[in-house]
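Reader: I am new to this structure and would like to go through it in short questions. Please show it to me.

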Amino acid sequence: MIRAALMLLCLALPANAAPEEDSVLAGLSQNRIAITAAFDGTELLIFGTVKRSAPMRGETPPGIIVTVSGPSQEITVRRKERWAGIWVNRAALKINRAPSFYAIATSGPLTEVLSFTDDLRYSVSIPQAIRTVGAAHTVEYTDLFTDALVRIRSRADLYQNNESTVNILEDTLFDTSITLPANLVEGDYVVRLLLTRDREVISTFETEIYVQKVGLERFVYNLAHEQPLLYGLLSLVLAIGAGWAASQAFRFVRG
Amino acid sequence: MQLYLPIAEVSINAFLLLGIGGLVGILSGMFGVGGGFLITPLLFFIGIPPAVAVATSANQIVASSFSALLAHLKRKTVDLRMGTVLLIGGLIGSFLGVQVFNLLRQLGQVDLLVNIFYVVFLGIIGAMMFVESLNAIRRSRKGGRVTRRHHTWIQALPLKVKFRKSGLYISVIPPVIVGILVGILAAIMGVGGGFIMVPAMIYLLGMPTKVVIGTSLFQIVFVTAATTLLHATTNYTVDIMLGLLLIVGGVIGAQVGTRIGTRMNAEQLRILLAGLVLLVCGKLAFDLLVPPDEVYSITEGWS
């Protein structure tokens with residue numbers, strides 16, 4: 001199916017486009033992810049093509065970088081320290097913006113496909129995607145806190161560094177897949193593609209995926225937030241009903 | 001089978017949740033404790049956010065205690081008048097507790113204070129019950145009569161009321177204070193508070209063991225119901241799906257537990273409960289003292 005889609009993409013490209021810069025085009029296997037009760041994560045396939053302005057003339061092959069980032073959140077990272085014999089949260093770092101999910105996939109080792117200046121400019125690598133403006137005033141060694149954030153979220157598969165996982169065919173077609181874990185936050189996820197040559201970004205492409213709760217999940221979430229009293233009462237009625245029903249059932253079974 | 005929980009926003013194995021509910025239900029029926037002191041730390045451990053764990057376990061306790069309360073009402077082992085006095089205190093305490101809980105959450109110290117509360121309360125009460133039960137067993141072995149102690153200062157307080165079912169004529173002040181304390185714990189720790197109320201009723205108020213469990217369940221059902229509503233309307237942290245899974249496991253467990261409980265004598269029951277309380281206390285104290293694997297933690301928001 002992917003191969004067919006790739007073919008279609010190639011055919012769709014105008015044969016004699018204006019000869020400017022090389023650019024990049026891509027498609028996704030899904031652009032809407034529904035969180036249902038049985039949601040257990042999903043795999044996102046990203047495929048596309050490098051649109052060439054001129055035939056390749058012995059230049060270096062292109063680099064492709066794909067990033068997927070979830071809605072940004074303000075977060076607080078706290079560190080426990082031993083205090084009066086017990087471990088207590090003491091120092092805290094407030095982070096302006098940290099993506100709730102961030103995955104990066106590249107066609108080669110990151111340092112070989114992207115220069116440090118372009119990493120800064122486009123906020124590509126995981127540390128660059130986290131904003132800690134003005135944080136240095138609150139605690140010493142800010143890096144320790146941001147490292148901890150990356151470490152903890154990487155363990156939960158929320159931050160993924162998948163270097164050399166983008167396959168490039170004939171220097172024009174490429175595809176990769178990114179695994180989205182079950183604990184996704186709702187919102188718009190931005191998928192970004194960067195085409196690089198000689199470690200410089202020469203073209204970008206951006207699209208979005210909408211992640212949202214549907215069906216029962218949506219209903220429960222909305223009710224809890226829009227009608228909290230009704231929701232609270234419903235929780236109690238269900239709880240007491242279940243308790244009573246089970247005790248009756250148990251009595252019936254026991255005679 | 002993985003299940004995505006709409007309010008907790010995590011995906012958890014449904015059978016794990018049923019199992020936790022069942023285990024806690026058995027304890028609930030056996031000892032007349034809501035089991036919240038076990039269920040809340042277990043929910044933390046499997047990755048439910050603390051605020052959701054506390055609020056939802058209050059909801060779960062309503063159900064598991066309700067089915068156990070029905071069993072006690074049928075056996076007429078509930079002192080309704082004493083229960084109502086404890087309940088009035090409990091509702092006041094629950095309201096205060098939710099305010100304190102929100103304040104602690106803003107300070108980022110909710111886990112620490114909840115843990116310290118657990119260690120202190122479980123430690124004191126577990127040790128007290130253990131010693132008392134050992135003494136009682138020793139006395140009964142010698143063939144002597146187990147006498148109930150009446151505290152003279154409690155006898156001296158005003159506003160005395162006759163509690164016929166408990167065979168007591170005491171002031172309403174001590175039970176109201178016990179109720180307030182239990183209400184605060186219900187809101188902060190996500191517990192029914194049976195583990196503190198049962199010993200207080202036996203040792204402080206001098207109630208007969210026979211009516212203690214039923215009466216404490218009566219108070220627990222109403223106080224945890226109020227706590228659930230308060231958390232649902234102020235924090236939106238009650239997860240109905242998580243609650244229902246815990247309940248389905250819990251109600252079955254509670255029925256089994258009540259039957260086990262009636263077959264054992266009161267002293268054995270008390271010594272078992274004391275052992276269990278001390279075990280949970282020890283585990284939590286250990287976690288506070290031993291260097292954690294990860295000293296950093298993440299919370300959403302800047303508050």
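Reader: What percentage of the residues of chain B count as buried?
Author: This is a predicted model, in which local features need pLDDT of at least 70, side-chain atom pairs count only at pLDDT 80 or more, and totals for chains, interfaces and linings use all residues. Residues are numbered from 1 along each chain as its sequence is written, while chains are lettered from A and ligands numbered from 1 in the order in which they are written. A residue is buried if 20 or more other C-beta atoms, placed from the backbone, lie within 10 Å of its own, exposed if 12 or fewer do, and partly exposed in between. Of the 303 residues of chain B, the buried share is 53%.

Reader: How many helices and strands does chain B have?
Author: Helices (H or I, at least four residues) and strands (E, at least two) are DSSP runs, numbered from the N terminus. On that basis chain B has 11 helices and five strands.

Reader: What is the radius of gyration of chain B?
Author: The radius is taken over C-alpha atoms, and the globule rule is 2.2 Å times the number of residues to the power 0.38. For 303 residues the rule gives 19 Å, and chain B comes close to it, so chain B is as compact as a globular protein of that length. Its radius of gyration is 19 Å.

Reader: How many residues of H7(B) are buried?
Author: Helix H7 of chain B covers residues 173-189, and its end C-alpha atoms are 24 Å apart, in agreement with the 24 Å expected for 17 residues at 1.5 Å a residue. The expected span is 1.5 Å times one less than the number of residues. H7(B) is largely enclosed by the rest of the structure, because its buried residues number 13 of 17.

Reader: How far does H10(B) reach from its first C-alpha to its last?
Author: H10(B) is mostly covered, with 19 of its 24 residues buried. This helix, residues 240-263, is close to the 34 Å expected at 1.5 Å a residue, for its reach is 34 Å.

Reader: Which residue in the turn between S3(B) and S4(B) has a positive phi?
Author: S3(B) (residues 160-163) and S4(B) (residues 168-171) run antiparallel and are joined by four bridges; two strands pair if DSSP finds at least two bridges between them. Phe163(B) has Leu168(B) in S4(B) as its bridge partner. The two strands form a hairpin with four residues between them, and the turn residue with a phi of about 65° is Gly167(B).

Reader: Which element gives the most to the side of chain A that touches chain B?
Author: Two residues are in contact if their C-beta atoms, placed from the backbone, lie within 7 Å. By that measure 47 residues of chain A are in contact with 48 residues of chain B. The element that gives the most to this side of chain A, with 15 residues, is H7(A).

Reader: Which residue stands opposite Arg79(A)?
Author: S5(A) pairs with S5(B), residues 296-300, in the antiparallel sense over five bridges. Opposite Arg79(A), in S5(B), stands Tyr296(B).

Reader: Is Glu170(A) buried or exposed?
Author: Glu170(A) lies in the loop between S9 (167-169) and S10 (173-180) of chain A. Its phi is positive, about 55°, although Glu170(A) is not a glycine. With 9 other C-beta atoms within 10 Å, Glu170(A) is exposed.
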